[in-house]
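Let's take a relaxed walk through a protein model, one small neighbourhood at a time. Have the viewer ready and follow along.

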Amino acid sequence: MNRKKMFVISLLLAAALMVSACGNAVNDSLEHTSPAGQATTAPAAEEPTAVFEPQTVVDATGTVLEIPAEVTKIVCIVSLCVDVLAELGLEPAAIAESGVRTIATQPEFYGIKGESFASIGGSFFEPNLEDIVTAKPELVIGLMGVHDALREGLDGVAPIYLANPKTYTDSLAVLETIGKLTGKTAEAKAAEEAFLAKLEAAKKKSPKDKKALIMYGSDVNFAIVTDSGLGGTILKEVTAYPWRVNDPSEDPYGDGSIQYSLEKLLEQNPDIIFVESYSYSPGTKPLSEQMKELPLWSKLKAVQEGKVIEVRSPVWGDGRGTRSLGILLDESLEYMYPDLF
């Protein structure tokens, strides 16, 4: 190979290397360039997943519960549990029957899907322990004063959180606690804010000139919800609710409800009466129907003006959570002030 040829070949090799270098530079550039020739944004860094911190909570009985890991399976043996989980966007692992199943299937909760949740047999007062164990819960939520005895039976299976909200602020506290245990603090906060905003708007809009009452029972030996009872703490914010516990012995446990008589009811003579009927045997008439058999009943202003309203007792009386209380607020205002709400 002569020098001239070598020189030519050298020139060609140099040119080839330059083209290759330029090509690589283009390819490198294309990896960071969109088809339209515009620079793309590097993929955003993923939000770090919140790490669950072990929680220590105290339930209504004063029992301290240590929760080491985020709770994902909850068994509901009280309606409040269904209310809270619905607010948090969760579903129960299993639920008790009767009123708990009823509230789960209400359209504002899980609707028809509530029929498919696994069943805890037995009664409200004595839910079937074997069914609870079979559901393999990480937490059981029950009612203080009713389900306390289950704690021993569930020892080694799952902790039981017993609640007993007496005011709507108590209900908000339960919501916040279960939100923490399930990693749903944002959902709990959103539900709390929505409820308080609804209540505040109702307080500003309501004329508060109707005297309302919530009464309940399964027969004519009825009781009323006082202004320190859960429903009463809502209604007294938006209208006249003059039902107070004047003698502590009438309500020794501070539950916010007392036995009452028609004679005493006539003294206040409410404009509107909301009735929560409970039935413990088939064929039981609604409480308002039974009350019609008593002569004094017909003398009440609310009766004479057709303002006796049978409400959904599983929601109004048993729900106890912010979703149920919001429904109570909405429905009561619609009945009291139909032109405003």
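## Phe125 and its ring partner

Start at Phe125. With a relative accessibility of 56%, Phe125 is exposed, because the cut-off for that label is over 50%. Keep in mind that this is a predicted model. Phe124 comes out as partly exposed, at 27% relative accessibility.

How do the rings of Phe124 and Phe125 sit relative to each other? Their centres are 5.3 Å apart and their planes meet at 75°, so this pair is edge-to-face, since planes over 60 degrees apart earn that name.

## Another pair, and a charge on top

Now hop over to Tyr337 and Phe341. Here the ring centres are 6.5 Å apart and the planes are at 50°, so the pair counts as tilted. Tyr337 is buried, with just 6% relative accessible area, while Phe341 is partly exposed at 31%.

Phe341 has company too: the charged end of Lys205 sits over its ring, 5.0 Å from the centre. You can find a similar arrangement at Phe109, where the charged end of Arg323 sits over the ring, 5.9 Å from its centre.

## Counting the rings

How many aromatic pairs are there? The count comes to 7. There is also an aromatic cluster to look for, made of Phe274, Trp316 and Tyr335.

## A threonine tucked into a loop

Next, look at the loop between helix 6 (168–181) and helix 7 (185–205), where you'll find Thr182. Is Thr182 buried or exposed? At 3% relative accessibility, Thr182 is buried, because anything under 20% gets that label.

So who does Thr182 touch? Setting aside neighbours within four places in sequence, Thr182 is in contact with Glu70, Val71, Ile74, Leu88 and Leu90.

## Two strands and a hairpin

Last stop: strand 1 (residues 55–58) and strand 2, which pair in the antiparallel sense over 4 bridges. If you want a landmark, Gln55 stands opposite Ile67 in strand 2. The hairpin these strands make has 5 residues between them, and in it Gly62 takes a positive phi near 90°.

Strand 2 (residues 64–67) has two faces worth checking. Leu65 and Ile67 make up the covered face, and Val64 and Glu66 the uncovered one. Why the every-other-residue pattern? In a regular strand, side chains alternate between the two faces of the sheet.

Technical notes:
Residues are numbered from 1 along each chain as its sequence is written. This is a predicted model: local features need pLDDT of at least 70, side-chain atom pairs count only at pLDDT 80 or more; totals for chains, interfaces and linings use all residues. Side-chain values use heavy atoms; hydrogens and water are left out. Rings of Phe, Tyr and Trp (its six-membered ring) pair if their centres lie within 6.5 Å; planes under 30 degrees apart count as stacked, over 60 as edge-to-face and the rest as tilted. Buried means under 20% relative accessible area, exposed over 50%, partly exposed in between (1.4 Å probe, protein chains only). A charge sits over a ring if NZ of Lys or CZ of Arg is within 6 Å of the ring centre and within 35 degrees of the ring normal. Contact means heavy atoms within 4.5 Å. Two strands pair if DSSP finds at least two bridges between them.
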